[in-house]
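Colleague: I would like a close look at one part of this model, the nonpolar core and the helices around it. Which residues and elements build it?

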Amino acid sequence: MPVHEGLALHAAATEAGALGLPLLEVGTYCGRSAVLLADAARTAGVSALTVDHHRGSEEQQPGWEYHDPSVVDPEVGLMDTLPTFRRTLHRAGLEDHIVAIVGRSPQVAAAWGGPLGLVFVDGGHTDEHANADYEGWAPHLVDDGLLVIHDVFPDPADGGQAPYRIYRRALESGAFTEVSATDSLRVLRRTGAGI
């Protein structure tokens with residue numbers, strides 16, 4: 001995530017923190033954006049939550065452009081970003097301000113029962129995964145809560161289309177109104193019922 005998008009995410013998380021509810025991220029990877037949410041949560045006195053299976057998204061698997069062999073567990077031969085994520089939080093001094101939930105987003109969302117002030121969708125970039133993240137977590141957003149979507153590329157030449165499609169879906173639902181756009185980061189406010 002570029003710095004200016006990170007600053008926009010932090011600003012959204014800071015604003016949403018004023019609602020007094022948890023801030024949730026789907027798709028943690030190594031924790032760069034989680035640090036931003038945790039810092040905003042610390043300031044607001046709320047919890048930041050991250051949901052990730054820590055095995056990497058599609059584009060991070062061997063043979064793909066964003067694969068990083070340094071995060072492959074040599075014992076099991078699969079990606080494992082959880083140790084790197086924990087080190088990131090430790091270095092930032094934010095371990096006490098975030099709850100890491102290790103699991104697949106749809107399963108965790110199905111078990112989640114509380115309201116959220118912010119949902120940041122930055123998980124898998126297939127239609128299946130992006131829709132599951134949106135459908136699982138958007139219903140938990142309260143009125144005036146913020147839905148933040150990363151990697152929104154209107155032009156297919158710039159990137160995958162699944163995040164763009166859930167962004168369009170959210171706007172077309174009438175439940176969300178766009179607040180800001182910073183390159184590929186979109187911030188939407190819940191202004192109505194539904195998804």
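Modeller: What follows goes from the core to the helix pairs and then to two backbone oddities. Bear in mind that this is a predicted model.

Start with the largest nonpolar core. It has 24 residues. Leu24, Val119, Trp137, Leu147 and Phe176 touch the most other members. Several elements each supply at least two residues of this core. The strands are S1 (23–26), S2 (48–52), S6 (116–121) and S7 (141–149). The helices are H4 (105–111), H5 (127–137) and H6 (162–173). H6 gives the largest share, 4 residues.

Now take Phe176. Which residues does phenylalanine 176 contact, leaving aside neighbours within four places in sequence? The list includes Tyr134, Ala138, Leu141 and Leu147. Ala170 and Leu171 are also among its contacts. So are Leu188, Arg189, Arg190, Thr191 and Gly194. A second core, separate from the largest one, has 23 residues. Ala8, Phe85, Leu146 and Leu185 are among them.

Next, H5 and H6. Their axes come within 8 Å and cross at roughly 35 degrees. The crossing is right-handed. From H5, the contact uses Asp127, Ala130, Asn131, Tyr134 and Glu135. H6 brings Ala162, Pro163, Arg165, Ile166, Arg169, Ala170 and Ser173. By class, that contact has 6 nonpolar, 2 polar and 4 charged residues. Two names return here: Tyr134 and Ala170 are also contacts of Phe176.

The other pair is H2 (residues 32–44) with H3 (residues 82–92). They pack at an angle of about 40 degrees, with axes 9 Å apart. H2 is therefore oblique to H3. This crossing is right-handed. H2 contributes Arg32, Ala34 and Val35. H3 contributes Phe85, Thr88, Leu89 and Ala92. The contact residues divide into 5 nonpolar, 1 polar and 1 charged. Phe85 also belongs to the second core.

Last, the backbone around S7. Aspartate 144 is found in this strand. Its phi is positive, about 75 degrees, although it is not a glycine. Is aspartate 144 buried, partly exposed or exposed? Aspartate 144 is partly exposed, with a relative accessible area of 43%. Aspartate 151 lies in the loop between S7 and H6. Aspartate 151 also has a positive phi, near 65 degrees, in a residue other than glycine. Aspartate 151 is buried, because its relative accessible area is 17% and the cut-off is under 20%.

Notes:
Residues numbered from 1 in each chain as written. Predicted model: local features only at pLDDT ≥ 70, side-chain atom pairs only at ≥ 80, totals over all residues. Heavy atoms only, no water. Core = buried A, V, L, I, M, F, W, Y, C linked by side-chain atoms within 4.5 Å. Buried < 20%, exposed > 50% of the residue type's maximum accessible area, 1.4 Å probe, protein only. Contact = heavy atoms within 4.5 Å. Axes fitted to C-alpha atoms, helices over the stretch in contact; angles between N-to-C directions. Parallel < 35°, antiparallel > 145°, perpendicular 65-115°, else oblique. Left-handed = near helix turned anticlockwise from the far one by under 90°. Nonpolar A, V, L, I, M, F, W, Y, C, P; charged D, E, K, R; others polar.
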